[in-house]
Amino acid sequence: MYRIINADITAVLFGRSDKLKKYVSASVLSADLLNLEDEIRRLEQSKIDMLHFDVMDGLFVNNITYGLPVLKAIRKVTDLTLDVHLMIQDPMRYVGRFAEYGADYISFHIESDGNTTETLTDIKNSGAKAALAIKPATPAESVYDYLPYLDMVLVMTVEPGFGGQSFMPETIEKVKKIKQKITELGLDVLIQVDGGINAETAKIASEAGANVLVSGSYLFKADDMASAAEKLKEGSSE
Ligand code: DX5
Ligand code: ZN
């Protein structure tokens, strides 16, 4: 008993308790796609927590990326947590297959078509963890009713569609509000931020309550990916 309490205190003092834990999710949109397996090894060696896989259908956003067969191929070569971000118009139609093909987390947008509750239920039934994503113009309040059913909320900090954009500071107020609501409800829901995340903006987002930091261009352009990931985790998460 004493040892457990002592370990808890040590974890809190050194910022290692689960509550304070932060994760980095690397967006492979910025990877060298022709050498994806090498890039995956680089993520593993750099102790990156998750691989962020952006699926765009040219309808929900004005860009097309990759989908199911690529996810399946990635799943075959790595045990990394696969964090799939669906920027597609009809997520309900596909969530089951993304889970089957290896997704650990599946995020879909509240602004997309289909029934949000049913889509969340489908994700849960398929065994994956469920996340709801909101675009910069969508209010924080729109996710409140769904919080008890979520593993994660994804707050977009740029307009979805492309990597390499600049962080939008006005989105941070939403992270704070969602964090406050999660605490109020006593839930264990992660908050992910995605878009324009670098050492500086990660600190701002972490201080607001974000604990999953998606990063594409900042991580993949870094000479030393492991130390870049460490820098992302440096800011507070409370
Ligand atoms: C944008 C994507 C992001 C993007 C992040 O629509 O959802 O995941 O790849 O890339 P950076 O970190 O370069 O903004
Ligand atoms: Zn994304």
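Let me begin with a term: a residue is called buried under 20% relative accessible area, exposed over 50%, and partly exposed in between. Please keep in mind throughout that what we are looking at is a predicted model.

With that scale in hand, consider helix 2, where glutamate 37, at 44% relative accessibility, counts as partly exposed, and where arginine 41, with a relative accessible area of 26%, is partly exposed as well. The side chains of these two residues meet in a salt bridge, with 3.1 Å from N to O, and along helix 2 they are 4 residues apart, about one turn of the helix. An α-helix has 3.6 residues a turn, so residues three or four places apart point the same way.

A comparable arrangement can be found in helix 6, residues 172-185, in which glutamate 184 and lysine 181 are 3 residues apart and thus separated by about one helical turn. Here the closest N and O atoms of the salt bridge are 3.3 Å apart, and the two partners fall into separate classes, since glutamate 184 at 54% counts as exposed while lysine 181 at 22% counts as partly exposed. Returning to helix 2 for a moment, the pair I described there belongs to a network, in which salt bridges that share partners join Glu37, Arg41 and Glu44.

The structure holds 10 salt bridges, and one of them involves lysine 124 and aspartate 151, whose side chains meet at 2.7 Å, N to O. Lysine 124 lies in helix 5, residues 116-125, and aspartate 151 in the loop between strand 5 (129-134) and strand 6 (152-156), so this pair ties together parts that are 27 residues apart in sequence. Lysine 124 is partly exposed at 38%, whereas aspartate 151, at 18%, counts as buried.

Let me turn to the metal site. Which protein residues serve as donors of the zinc ion, ligand 2? They are His52 through NE2, Asp54 through OD, His85 through ND1 and Asp194 through OD, lying 2.0 to 2.3 Å from the ion. The site is octahedral, with angles of 70 to 172° among its 6 donor atoms, and along the chain the donors follow the spacing H-x1-D-x30-H-x108-D. Aspartate 54 lies in strand 2, residues 50-56, and aspartate 194 in strand 7, residues 190-194, so the pair ties together parts that are 140 residues apart in sequence. Both of these aspartates are buried.

One of the zinc donors, His85, is also among the residues in contact with histidine 109, along with others including Phe60, Leu132, Met156 and Pro160. Histidine 109 lies in strand 4, residues 105-109, and is buried, with a relative accessible area of 1%. Its side chain makes a polar contact of 2.9 Å with the side chain of glutamate 111.

Finally, helix 9, residues 225-233, whose buried residues are Met225, Ala228, Ala229 and Leu232. They cover an arc of only 100° around the axis, which puts them on the same side of helix 9. What covers these buried residues includes strand 1 (23-27), helix 2 (36-45), helix 7 (199-208), strand 8 (212-215) and helix 8 (217-221), so helix 2, which carries the arginine 41 and glutamate 37 pair, appears here again. At the start of helix 9, a side-chain oxygen of aspartate 224 reaches to within 3.2 Å of the backbone nitrogen of alanine 226.

Definitions and conventions: Residues are numbered from 1 along each chain as its sequence is written. Chains are lettered from A and ligands numbered from 1 in the order in which they are written. This is a predicted model: local features need pLDDT of at least 70, side-chain atom pairs count only at pLDDT 80 or more; totals for chains, interfaces and linings use all residues. Side-chain values use heavy atoms; hydrogens and water are left out. Buried means under 20% relative accessible area, exposed over 50%, partly exposed in between (1.4 Å probe, protein chains only). Helices (H or I, at least four residues) and strands (E, at least two) are DSSP runs, numbered from the N terminus. The arc is that of the directions from the helix axis to the C-beta atoms. Contact means heavy atoms within 4.5 Å. A polar contact is a pair of N or O atoms within 3.5 Å; within protein, one must be able to donate a hydrogen and the other to accept it, and residues adjacent in sequence count only if both atoms are side-chain atoms. A salt bridge is a side-chain nitrogen of Lys or Arg within 4 Å of a carboxyl oxygen of Asp or Glu. Donors are N, O and S atoms within 2.8 Å of the metal (3.2 Å for Na, K and Ca); water is not among the atoms, so sites may look incomplete. Four donors count as tetrahedral if all angles lie between 85 and 135 degrees; four count as square planar and six as octahedral if opposite donors are over 155 degrees apart and all others between 65 and 115; anything else is irregular.
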